Amino acid sequence: MSDDSLKRRLNKEDKKIIKFLRTVDVEGHPDVTPECTITLNFDKNPYFKNSSLTKNFKISEKGIFDVRCTPVIWKNGKGNTAVLEEKSSKQSHTDMPKSGEVELMIG
């Protein structure tokens, strides 16, 4: 949290979660492989069940062409589950999104 550019990019909830970040591992080098993997390793926390989150980038000469990431397994009342729980208390069950309509992206 000592990096000013990082602080500006994080919202209030991100700043709470980042306190549990233990290490960041980066694998790959553009001169050796067209692939880069970033893994965020977390201590046990009240927000999600994952101990690590990984994002893999495959890069071509024209730029990034494939990105894959670990889905976050949020604990009840945290992350997107908090938003869905809040909506469900305001909507009838027929207004809730069908399975597969809600997609979680890690960015």
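This report describes the fold, sheet, core and selected residues of a predicted model.

## Overall architecture

The protein chain has 107 residues, and buried residues make up 17% of them. Its secondary structure comes to 3 helices and 4 strands. Along the sequence the elements follow the pattern α-α-β-β-β-β-α. Two helices thus precede the strands, and one helix follows them.

The protein chain exposes about 8400 Å². Carbon and sulfur atoms supply 52% of that area. Take the contacts between residues at least 6 apart in sequence: 26% of these join residues at least 24 apart.

## The sheet

The 4 strands form an open sheet. Their order is S1-S2-S3-S4, and the pairing is antiparallel. S1 and S4 (63-69) are the edge strands, each pairing on one side only. From one strand to the next, the twist averages 15 degrees.

Strands of a sheet pair through backbone hydrogen bonds, in either a parallel or an antiparallel sense. Here, S1 (residues 21-27) runs antiparallel to S2 (residues 35-42), with 6 bridges between them. S2 then pairs with S3 (residues 52-60) over 7 bridges, again antiparallel. S3 and S4 are joined by 6 bridges and also run antiparallel. A hairpin is formed by S3 and S4, with 2 residues between the strands.

## Residue register across the strands

Two rows of partners can be traced. In one, valine 24 has leucine 40 of S2 as its bridge partner. Leucine 40 in turn stands opposite leucine 53 in S3.

In the other row, glutamate 35 has lysine 58 of S3 as its bridge partner. Lysine 58 stands opposite aspartate 66 in S4.

## The nonpolar core

In soluble globular proteins, nonpolar side chains tend to be buried together. The largest nonpolar core in this model holds 7 residues. Its members are Ile17, Phe42, Tyr47, Phe48, Leu53, Val72 and Trp74. Ile17 falls within the range of helix H2 (12-18), Phe42 within that of S2 (residues 35-42), and Leu53 within that of S3 (residues 52-60).

Leucine 53 belongs to both the core and the row of partners that includes leucine 40. Neighbours within four places in sequence aside, leucine 53 contacts Ile38, Thr39, Leu40, Phe42, Phe48, Thr70, Pro71 and Val72. Among these contacts, Phe42, Phe48 and Val72 are fellow core members.

## Cysteines

How many disulfides does the model contain? The count comes to 0 disulfides. A pair would need its cysteine sulfur atoms within 2.5 Å.

Is cysteine 36 buried or exposed? Cysteine 36 counts as buried because its relative accessibility is 17%, and the cut-off for burial is under 20%. Cysteine 69 has a relative accessible area of 30%, so it is partly exposed. Cysteine 36 lies within the range of S2 (residues 35-42), and cysteine 69 within that of S4 (63-69).

## The loop before S1

Where does lysine 19 lie? Lysine 19 is in the loop between helix H2 (12-18) and S1. Lysine 19 counts as exposed because its relative accessibility is 68%, and the cut-off is over 50%.

Lysine 19 and asparagine 45 are 26 residues apart along the chain. Their C-alpha atoms are separated by 9.3 Å.

How values were computed:
Residues are numbered from 1 along each chain as its sequence is written. This is a predicted model: local features need pLDDT of at least 70, side-chain atom pairs count only at pLDDT 80 or more; totals for chains, interfaces and linings use all residues. Side-chain values use heavy atoms; hydrogens and water are left out. Buried means under 20% relative accessible area, exposed over 50%, partly exposed in between (1.4 Å probe, protein chains only). Contact means heavy atoms within 4.5 Å. Accessible areas come from the Shrake-Rupley method with a 1.4 Å probe; for residues, only the protein chains shown count as cover. A nonpolar core is a set of buried Ala, Val, Leu, Ile, Met, Phe, Trp, Tyr and Cys residues joined through side-chain atoms within 4.5 Å. Two strands pair if DSSP finds at least two bridges between them. Axes are lines fitted to C-alpha atoms, for helices over the stretch in contact, and angles run from 0 to 180 degrees between N-to-C directions.
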